[in-house]
Amino acid sequence: MATQHSRSAARIMMAPAVILLLGWMLVPLIMTLVFSFKKYLPLRGGDLGWVGFENYVRFVSSSAFWPSVLATLTIVGGVLVITLVLGVVLAILLNQPMWGQGVVRILVIAPFFVMPTVSALVWKNMFLDPTNGLFAHLWRFFGAEPVSWLSEASLSSIVLIVSWQWLPFATLILLTAIQSLDSEQLEAAEMDGAPPLKRFAFITLPHLSRAITIVLLIQTIFLLAIFAEIFVTTGGAFGTRTLTYLIFQRVLESQNVGLGSAGGVYAIILANIVAIFLMRIVGKNLDA
């Protein structure tokens, strides 16, 4: 049983790490809040003083704000649906005995270790290029006119690229969960005459609920901040400007740090709203 002395010693030893972590999180947040109430133009006069909530009003009243929020939620929702559905399918397939199972699993997981900038360049030049891309050659082979994916189906292309990156993560988590499933339950259901779909719906899928919740929460946190794929492929054009990319444009391209900081606060609010929504809808599975 821990004594008062041992508890105090534990707190003292943990204090440096806790202080460092709090500083790492709080200092940028406080600086963002401070700059959001100021008119700060680094190349056009520097600090021009306090402006109150003017930056917040300008940012939210901008014609680009709500389309950027919609684009962000569309990308997040599309990627989550694709990665969860295909992740479950791939996890079930990879759990079956096959020749070269280890190699196949490594190849499936490999895309997750490719940097976002590199994967975006690969997709842009090797697959989606309307002249020399793989999809363009396939379209010509079947007698169809190649599609300029990044301009005609830009949002779908971004969802495809990001889904390719995050599908291995979802597959790995779900595969680990499937491997922990007691095979005796499936064998008993099979002996009772339950068809494969019912075995999946009533045994496998409920067992995966916790893993699906974890995938949802972790992917959502990272997908709300998606930037590199948009910067490399479309540059925020053709309806692909997310809230993160809009903040980038306000801070670096327009050189308005105060306006970009206000956008950062809105991004924090959006992330918390989505997180609360997910926790209320699916977070209860963590306690199951």
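Is Trp166 buried or exposed? The exercises below start from this residue and then move outwards to the chain as a whole; the model they use is a predicted one.

**Exercise 1. Decide how Trp166 is covered, and find what lies around it.**

Step 1. The relative accessible area of Trp166 is 14%, and the cut-off for a buried residue is under 20%, so Trp166 counts as buried.

Step 2. Trp166 belongs to helix α8, a helix that covers residues 154-179.

Step 3. Once residues up to four places away in sequence are set aside, Trp166 touches Thr83, Phe112, Gln219, Phe222 and Leu223. For Thr83, which is 83 residues away along the chain, the C-alpha atoms of the pair are separated by 6.7 Å.

**Exercise 2. Place Leu172 in its helix and state how far it is covered.**

Step 1. Leu172 is found in helix α8, which also holds Trp166.

Step 2. The relative accessible area of Leu172 is 38%; since this value lies between the cut-offs of 20% and 50%, Leu172 is partly exposed.

Step 3. Leu172 and Leu94 are 78 residues apart along the chain, while their C-alpha atoms are separated by 9.8 Å.

Step 4. The UniProt record, an unreviewed entry, lists residues 155-178 among its transmembrane regions, and in the model this span is 100% helix and 0% strand, with its end C-alpha atoms 32 Å apart. Another region from that record, residues 106-123, is 67% helix and 0% strand, and its end C-alpha atoms lie 21 Å apart.

**Exercise 3. Describe the surroundings of Thr74 and of Thr204.**

Step 1. Thr74 has its place in helix α3, residues 65-94, and with a relative accessible area of 34% it is partly exposed.

Step 2. Apart from neighbours within four places in sequence, Thr74 is in contact with Leu155 and Val159. Thr74 and Thr240 are 166 residues apart in sequence, and from C-alpha to C-alpha they are 9.8 Å apart in space.

Step 3. Thr204 lies in helix α10, residues 196-207, and its relative accessible area of 9% makes it buried. Not counting residues up to four places away in sequence, Thr204 touches Leu181, Leu186 and Arg199.

**Exercise 4. Examine Tyr266 and the annotated domain.**

Step 1. According to the unreviewed UniProt entry, the annotation "domain: ABC transmembrane type-1" covers residues 69-278. Over these residues the chain is 76% helix and 0% strand, and the end C-alpha atoms are 17 Å apart.

Step 2. Tyr266 sits in helix α14, residues 257-281. Its relative accessible area is 19%, and because buried means under 20%, Tyr266 is still classed as buried.

Step 3. With the neighbours within four places in sequence left aside, the contacts of Tyr266 are Tyr56, Phe59, Val60, Phe65 and Leu243.

Step 4. Tyr266 and Val69 are 197 residues apart in sequence, and their C-alpha atoms are 10.0 Å apart in space.

**Exercise 5. Which residue with a positive phi of about 60 degrees is not a glycine, and where does it lie?**

Step 1. The residue is Phe238, whose phi is positive, at about 60 degrees, although Phe238 is not a glycine.

Step 2. Phe238 lies in the loop between α12, residues 228-233, and α13, residues 243-253.

Step 3. The relative accessible area of Phe238 is 52%, and as the cut-off for exposed is over 50%, Phe238 is exposed.

**Exercise 6. Describe the protein chain as a whole.**

Step 1. The protein chain contains 14 helices and two strands. Its radius of gyration is 24 Å, well over the 19 Å that the globule rule gives for 288 residues, so the chain is more spread out than a compact globule.

Step 2. Taken along the principal axes, the box filled by the C-alpha atoms is roughly 75 × 75 × 30 Å.

Step 3. Of the 288 residues, 36% are buried. Among contacts with a separation of 6 or more, 66% are accounted for by residues 24 or more positions apart.

Step 4. The accessible surface comes to about 17000 Å², and 72% of it belongs to carbon and sulfur atoms. The chain has 16 positive and 13 negative side chains, and the centres of these two sets lie 12 Å apart.

Notes: Residues numbered from 1 in each chain as written. Predicted model: local features only at pLDDT ≥ 70, side-chain atom pairs only at ≥ 80, totals over all residues. Heavy atoms only, no water. UniProt positions renumbered as here; feature names shortened; annotations may be inferred. Helix = DSSP H or I, 4+ residues; strand = E, 2+ residues; numbered from the N terminus. Buried < 20%, exposed > 50% of the residue type's maximum accessible area, 1.4 Å probe, protein only. Contact = heavy atoms within 4.5 Å. Rg over C-alpha atoms; globule rule 2.2 N^0.38 Å. Areas by Shrake-Rupley, 256 points an atom, 1.4 Å probe, with all protein chains shown as cover. Lys, Arg positive; Asp, Glu negative; His and termini not counted. Charge placed at Lys NZ, Arg CZ, Asp CG, Glu CD.
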